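Good morning, everyone, and thank you for making time for this short talk. Please take a moment with the sequence and the model before I begin.

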Amino acid sequence: MSFGWVFLGASVAAYGVANFLQSVAAARVSVHAKLDPGLLLKLAGHRIYVAGLVCQLGAFLFAFLARRDLPLFLVQTAVAGGLGVTVLLGVAFLRWRHPLSEVILLGALVLGLAALIISAETTKARPLNGPEVLALALSVPIVGLLGRAGARLHGSPGSVALGALSGLSFGAVAIASRPLAGAQSFGAFVTDPLLYILLAHTVIGQLLLGLAMQRGSTTAAVASMDAAAAIPPALVGLLLLGDRIAPGREWLAAIGFVTALGSVLLLTRYAEPQHHVRDRYEAQGRCRPRSPAVAPAHANGASAPGAAVNGAAPLSVRTNTNGALDANGRARTESPRRASAR
């Protein structure tokens, strides 16, 4: 048995814990409406986020080692199974509520991953050539520009769009790390341009994921990230890196891949927000508050004291001893001298 399977299982668990901790931290930081690297600095001030980042680094290391022997279509899709760990932690510790549709889709995700595990075959990756490395390098500014535009979206659409873009970055990390994991020496490792492409995409992907989680739905953000991080690397691995499926099990791999990725994509559709983002935006003054209700007016234009507003309870109005009101409907105050004269 290859150690790649052990590394893969550890990566799935660590990614699930990391996504959960980062979601908790992102919900405690002011919402950012643009692609601002300052968000990472604010998140770094939270111990919960730092713990999540440590888990994510560990998960990345485990996945990196797993990609040395296992095909990308298996590793990337299995990492998506970390979403199930995130959901279980949210239910257990934060009392997240998930509709029946989400529970069914998570079950389908597990079945799809099981089919992929059965159909995968261990193999070494071939190196990328010059044009392929250049194309991977050009994807760094492209994803960054798309993320800058996607940061303007809010709510579930923002979670899905930014999560998908972060997934593209993490997918590029997976593509770069598959041949990089087979480096023959430390010198070859540190001088390989794939290492620096990997680091750039990691920073961009981490920033985009933090923005996506702030938009409201951790499930939608992580599911869309996992889908985008699985499909392109799977195709690249099969077409360019020499990934193989066990002979006679191509049909099982196809069913497992479609089931797992279809479940992840549908989770982006049915996921419900876990954070009340609109309330946080209104608290920060970034959303226009609802217009205040106006009380019915008297014939002279003054508001009626104690009138109900849009079915709400009557407003209480303080009056003086004789109940007199001024022109604006407020209680008139009298000086002690005039009150004593009466």
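I will go from the chain as a whole to its pockets, then to its nonpolar cores, and finally to a few single residues.

Please keep in mind that this is a predicted model, in which local features need pLDDT of at least 70 and side-chain atom pairs count only at pLDDT 80 or more, while totals for chains, interfaces and linings use all residues. Residues are numbered from 1 along each chain as its sequence is written, and side-chain values use heavy atoms, with hydrogens and water left out.

Let me start with the whole chain. The protein chain has 14 helices and 2 strands, where helices (H or I, at least four residues) and strands (E, at least two) are DSSP runs, numbered from the N terminus. Of the 342 residues in the chain, 46% are buried, and here buried means under 20% relative accessible area, exposed means over 50%, and partly exposed lies in between, with a 1.4 Å probe and protein chains only. If we take the contacts between residues at least 6 apart in sequence, 79% of them join residues at least 24 apart, a contact being heavy atoms within 4.5 Å.

Now to the pockets. On a 1 Å grid over the protein atoms alone, a pocket is an open set of points where a 1.4 Å probe fits, with protein on both sides within 12 Å along at least five of seven lines, and its lining residues have an atom within 4 Å of a point. Grid points are joined across faces, edges and corners, and the volume is the space filled by probe spheres set on the points.

The largest pocket holds about 420 Å³ of space. Its lining has 20 residues, and Y15, Q56, F170, T202 and Q206 are the ones nearest the centre. Several helices supply at least two lining residues each, including helix 1 (3-26), helix 8 (155-180) and helix 10 (193-214), but which helix gives the largest share of this lining? That is helix 3, with 5 residues. By class, this lining is made of 13 nonpolar, 5 polar and 2 charged residues; Ala, Val, Leu, Ile, Met, Phe, Trp, Tyr, Cys and Pro count as nonpolar, Asp, Glu, Lys and Arg as charged, and the others, Gly among them, as polar.

The second largest pocket has about 220 Å³ of space. It is lined by 13 residues, with L136, A172, I175, P232 and V236 nearest its centre, and helix 7 (130-150), helix 8 and helix 11 each give two or more residues to that lining. Here the classes are 10 nonpolar, 2 polar and 1 charged.

Next, the cores. In soluble globular proteins, nonpolar side chains tend to be buried together. A nonpolar core is a set of buried Ala, Val, Leu, Ile, Met, Phe, Trp, Tyr and Cys residues joined through side-chain atoms within 4.5 Å. In this model the largest such core has 43 residues, and L8 and L74 touch the most other members. Helix 11 gives the most to this core, namely 8 residues. Leaving out residues up to four places away in sequence, L8 touches A66, L70, L74, V75 and A78. There is also a second, separate core of 18 residues, and among its members are L128, V133, V140 and L198.

I will finish with three single residues. Is S166, in helix 8, buried or exposed? S166 counts as buried because its relative accessibility is 0%. A polar atom of its side chain lies 2.6 Å from the backbone oxygen of G163, and, beyond four places in sequence, S166 touches G205, L208, L209 and M225.

P179 is also found in helix 8, and P179 counts as buried at 16% relative accessibility. Its C-alpha atom is separated by 7.3 Å from that of L128, which is 51 residues away along the chain.

R244, lastly, sits in strand 2 (residues 244-245) and is partly exposed, with a relative accessible area of 43%. The side chains of R244 and E121 are joined by a polar contact of 3.1 Å, that is, a pair of N or O atoms within 3.5 Å, where within protein one must be able to donate a hydrogen and the other to accept it, and residues adjacent in sequence count only if both atoms are side-chain atoms. Apart from neighbours within four places in sequence, R244 is in contact with P71, F73, E121, T122 and T123.
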